[in-house]
Amino acid sequence: MSTEPSSPPRAASARRRLLLAAGIAAALAAVVAAYFAGRAGAGGGAARPDSHVRIAAGEPGADAAATAAPLPTPIKGGILPAPGAPLKDHFAQLQARANAGDAGAATRLVRDLDRCARLRSTQWRNAGATEDLTRRSTEGMSAAQLRTYQTLLEAMELRQQAQRQDQAACAGVDEAMLASLVPNIAQAARLGDEQARACYLERGPLYDARSLIRHPDGLRAYRGTAAALVEAGLSAGDWRVVDLLQQAYEPGSKSLLAGLLGADPLQHYRYLKLYRLGAESHRADQLDRQLAAVATGLSPAQLAEGNAWAQNTLDAGFKGRSTDGTPPGWEACDF
């Protein structure tokens, strides 16, 4: 009788070793793939995390309207009118081009309309300042006071020159043209104008409250556009949008954007943390104190998620310093 061990136990053992080796190889392959995917994502091709921006509940059907219209694809149009050209002569052409998706025409139309919309108040302020200045008596002024007075007169002359240029550019612009300012800001924002986007998100139809009285549907239009503009701004790495969001989520905020988004402490922490990651050093202490205050209302898991989201979002497309273009009190509608 043969005493040689049977082969089945050795075969089973070998199969187990092969399966174990295959499992380890698969696991290593997955780790390596994840590593290189992460390294590739660390560059410009990283997928941007979900913004979690949601529109607060409103009247029936409002949520559907808020997600309805996608942003148009901007097109590059032809030559624009010369700077300072009378707006009334080019309004219809610029409006048609902006409506068709011409980003340059939309941007130009907004600047010209805003310039003309401000003209009356500019004239009023300049007239009052000029009268106050010219009524002053120079009698008894010291040499230093006379130099200051001369500097003020020269500055007044420069303002008057600019005003005369605006008057020439805005001659013949009627109320119907001026009433199109907010819809044109919205269109320029949809076509990628960063300044228009910030202005529309912050002020919306309230930028021209007189027009809102005549066209109350402007609020519905704002509700239907704002979320897409937020997403576009985040995709473009626009720090102004981040600052507007962290302010809108701030407790007690009364802004139009705050009313649209509703209260959400976790969202407030996410966007404040993202803003802090990009901040200049002299703003860091204040932002850290704000983060600590928001953190008191969140769980450790929420804080960990918020920190990870902010870092991933920063890596996915934000560059430069968040505070460069958003100093305290910055003006979103400074066209």
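Colleague: Over residues 62-66, how many contacts does the model have beyond four places in sequence?
Modeller: This is a predicted model, and over residues 62-66 the pLDDT stays under 50. Beyond four places in sequence, the number of contacts that the model has for residues 62-66 is eleven.

Colleague: What is the mean pLDDT of the protein?
Modeller: Of the residues in the protein, 83% reach a pLDDT of 70 or more. The mean pLDDT of the protein is 86.

Colleague: Over which residues is the pLDDT below 50, with five contacts beyond near neighbours in sequence?
Modeller: The stretch in question starts at residue 1. Its contacts in the model, leaving aside near neighbours in sequence, come to five. The pLDDT is below 50 over residues 1-45.

Colleague: How many helices and how many strands does the protein have?
Modeller: Of the contacts in the protein with a separation of 6 or more, 74% are between residues 24 or more positions apart. As for the elements themselves, the protein has 15 helices, and its number of strands is zero.

Colleague: What percentage of the 335 residues is buried?
Modeller: The accessible surface of the protein is about 18800 Å², and carbon and sulfur atoms hold 58% of this surface. A residue counts as buried under 20% relative accessible area. Among the 335 residues, the buried share is 39%.

Colleague: Which two helices are joined through C116 and C170?
Modeller: The count of disulfides comes to two, and one of them joins C116 to C170, with 2.1 Å from S to S. C116 lies within residues 103-134 and C170 within residues 143-170, so the pair ties together parts that are 54 residues apart in sequence. The two helices are α4 and α5.

Colleague: Is the link of C116 and C170 left-handed or right-handed?
Modeller: C116 and C170 are both buried. The angle about their S-S bond is -90°. The link of C116 and C170 is left-handed.

Colleague: Why is the disulfide of C199 and C333 right-handed?
Modeller: A disulfide joins C199 to C333 at 2.1 Å from S to S. The disulfide is right-handed because the torsion about its S-S bond is about 95°.

Colleague: How many residues apart in sequence are the parts that C199 and C333 tie together?
Modeller: Both C199 and C333 are buried. With bonded cysteines counted along the chain, the disulfides follow the pattern 1-2, 3-4. C199 lies in helix α8 (residues 194-203) and C333 in the segment after α15, so the separation in sequence of the parts tied together is 134 residues.

Colleague: With which side chain does the side chain of N126 make a polar contact?
Modeller: N126 is found in helix α4. With a relative accessible area of 12%, N126 is buried. Leaving out residues up to four places away in sequence, N126 touches R159 and Q163. The polar contact, at 2.9 Å, is with the side chain of Q163.

Colleague: How far does helix α14 reach from its first C-alpha to its last?
Modeller: Helix α14 covers residues 281-295, which is 15 residues. At 1.5 Å a residue, the expected reach is 21 Å, and the model is close to this. From its first C-alpha to its last, α14 reaches 21 Å.

Colleague: Which helices are included in what covers the buried residues of α14?
Modeller: The buried residues of α14 are R283, A284, L287, L291, V294 and A295. Residues three or four places apart on an α-helix point the same way, because there are 3.6 residues a turn. The cover of the buried residues of α14 includes residues 265-277 and 300-315, which are helices α13 and α15.

Conventions
Residues numbered from 1 in each chain as written. Predicted model: local features only at pLDDT ≥ 70, side-chain atom pairs only at ≥ 80, totals over all residues. Heavy atoms only, no water. Helix = DSSP H or I, 4+ residues; strand = E, 2+ residues; numbered from the N terminus. Expected span 1.5 Å × (residues − 1). Buried < 20%, exposed > 50% of the residue type's maximum accessible area, 1.4 Å probe, protein only. Contact = heavy atoms within 4.5 Å. Disulfide = S-S within 2.5 Å. pLDDT = per-residue confidence, 0-100. Areas by Shrake-Rupley, 256 points an atom, 1.4 Å probe, with all protein chains shown as cover. Polar contact = N/O pair within 3.5 Å; in protein donor to acceptor, adjacent residues only side chain to side chain.
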